[in-house]
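Me: I would like a close look at one part of this model. Please take me through it step by step.

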Amino acid sequence: MSKGLLIVLSGPSGVGKGTVCTALRSRVPELVYSVSATTRSPRLGEVNGVNYFFKSREQFMDMIDNDQLLEYAEYVGNYYGTPRDFVEETLATGKDIILEIEVQGALKVKEKFPDGIFVFLMPPSLDELKDRIQGRGTESQATIDHRMSVAVDEINLLQHYDYAVVNDEINLACKRIESIIIAEHCKVRK
Ligand SMILES: Nc1ncnc2c1ncn2[C@@H]1O[C@H](COP(=O)(O)OP(=O)(O)OP(=O)(O)O)[C@@H](O)[C@H]1O
Ligand SMILES: Nc1nc2c(ncn2[C@@H]2O[C@H](COP(=O)(O)O)[C@@H](O)[C@H]2O)c(=O)[nH]1
């Protein structure tokens, strides 16, 4: 059996990664989603084990020490990381898996999985990005400002990715990523 594809979806906070990923998963139900661990507090409506595995700092440090994370990063005051076993077991069964993670973590995954597919979701403009993150209403103004300043550095790392997809419209962005996955399955690997 061939291994599944490891797909990494990154992009600045508020660009729409979560929204596009949810739409993609309903169009491609066989695509497995990697649930991350985080020290961030849950937002209203977020469910442990569905949106994230919510951890204390101590629990997260234990996961690092026990080599349970494929990658992790500190982002705007919290830790985020990808549970290793779930990714490796999913790929071994031949299924595709998608990781929705920020850029530092994506670059670490690239070192370990150079054959992964790295997709960067781009905002139509920085003004639109700010409107989206503000419109979501989940972050304080200080956190929004911090995330926006990090966003510029993140966009500057676009050259490390295989694909850039503009999220101008959710269904269009979703179709573009679905097309990338189909094309990658047809690729002749040398
Ligand atoms: N194409 C789009 N057009 C307009 N609004 C959008 C679009 N995509 C997403 N949004 C909205 O932008 C906001 C941010 O989207 P979302 O939470 O999916 O971003 P994210 O990249 O996952 O953010 P974070 O990295 O902070 O988790 C949401 O309110 C969402 O409804
Ligand atoms: N390096 C990692 N980044 C991750 C992971 N899971 C999520 N994220 C990214 O963190 C930021 C902030 O997320 P939020 O839910 O607090 O808005 C965002 O870019 C996520 O994609 C992970 O496992 N590793």
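How many bridges join strand 3 to strand 4, and which way do the two strands run? Please start there, then show me what lies around that part.

Reply: This is a predicted model. Start with the pair you ask about. Strand 3 covers residues 36-38, and 3 bridges join it to strand 4. The two strands run parallel. Look at one facing pair: S36 is opposite Y52, and Y52 is in strand 4.

In general, strands of a sheet are held in pairs by backbone hydrogen bonds, and the pairing can be parallel or antiparallel.

Now widen the view. The pair belongs to an open sheet of 4 strands. Its order is 4-3-6-5, and the pairing is mixed. Strand 4 (52-54) and strand 5 (69-75) are the edge strands. Each has a single partner strand, so one side of each has no neighbour in the sheet. From one strand to the next, the twist averages 25°.

Follow the sheet to strands 5 and 6. Helix 3, residues 84-92, lies across strand 5 and strand 6 (78-83). The helix runs at about 30° to strand 6.

Two residues around strand 5 deserve a glance at their backbone. D67 sits in the loop between helix 2 (57-65) and strand 5. D67 is not a glycine, yet its phi is positive, at about 60°. V76 sits in the loop between strand 5 and strand 6. V76 is not a glycine either, and its phi is positive, at about 45°.

Next, go back to S36 and Y52, because ligand 2 brings them up again: 16 residues surround this ligand, and the nearest are S36, R40, Y52, Y80 and E102. An N or O atom in the Y52 side chain is 2.6 Å from an oxygen atom of ligand 2. A polar side-chain atom of Y80 also lies 2.6 Å from an oxygen atom of the ligand. The backbone takes part too: a polar backbone atom of E100 is 3.4 Å from an oxygen atom of ligand 2. On its own, ligand 2 has 510 Å² of accessible area, and the protein covers 95% of that.

Now turn to the other sheet. This open sheet has 5 strands in the order 2-7-1-8-9, with parallel pairing. Strand 2 (32-33) and strand 9 (163-166) stand at its edges. Each pairs with a single strand, so one side of each is left without a neighbour in the sheet. Strand 1 (residues 6-10) and strand 8 (residues 117-122) run parallel, joined by 4 bridges. Here L9 faces V119 of strand 8. Helix 4, residues 103-112, lies across strand 1, strand 7 (97-100) and strand 8. The angle between helix 4 and strand 1 is about 155°.

There is a second ligand to visit. Ligand 1 also has 16 residues around it, with S13, K17, G18, T19 and R136 the closest. A backbone N or O atom of G18 lies 2.8 Å from an oxygen atom of ligand 1. For G16, a backbone N or O atom lies 3.0 Å from an oxygen atom of this ligand. N167 uses its side chain: a polar atom there lies 2.9 Å from a nitrogen atom of ligand 1. Taken alone, ligand 1 exposes 640 Å², and the protein buries 75% of that.

Last, the record. An unreviewed UniProt entry lists residues 4-182 as "domain: Guanylate kinase-like". In the model, that span is 44% helix and 22% strand. Its end C-alpha atoms lie 12 Å apart.

Conventions: Residues are numbered from 1 along each chain as its sequence is written. Chains are lettered from A and ligands numbered from 1 in the order in which they are written. This is a predicted model: local features need pLDDT of at least 70, side-chain atom pairs count only at pLDDT 80 or more; totals for chains, interfaces and linings use all residues. Side-chain values use heavy atoms; hydrogens and water are left out. UniProt positions are given in the numbering used here, feature names are shortened, and annotations may be inferred rather than shown by experiment. Two strands pair if DSSP finds at least two bridges between them. Axes are lines fitted to C-alpha atoms, for helices over the stretch in contact, and angles run from 0 to 180 degrees between N-to-C directions. Contact means heavy atoms within 4.5 Å. A residue is near a molecule or strand if one of its heavy atoms lies within 4 Å of it. A polar contact is a pair of N or O atoms within 3.5 Å; within protein, one must be able to donate a hydrogen and the other to accept it, and residues adjacent in sequence count only if both atoms are side-chain atoms. Accessible areas come from the Shrake-Rupley method with a 1.4 Å probe; for residues, only the protein chains shown count as cover.
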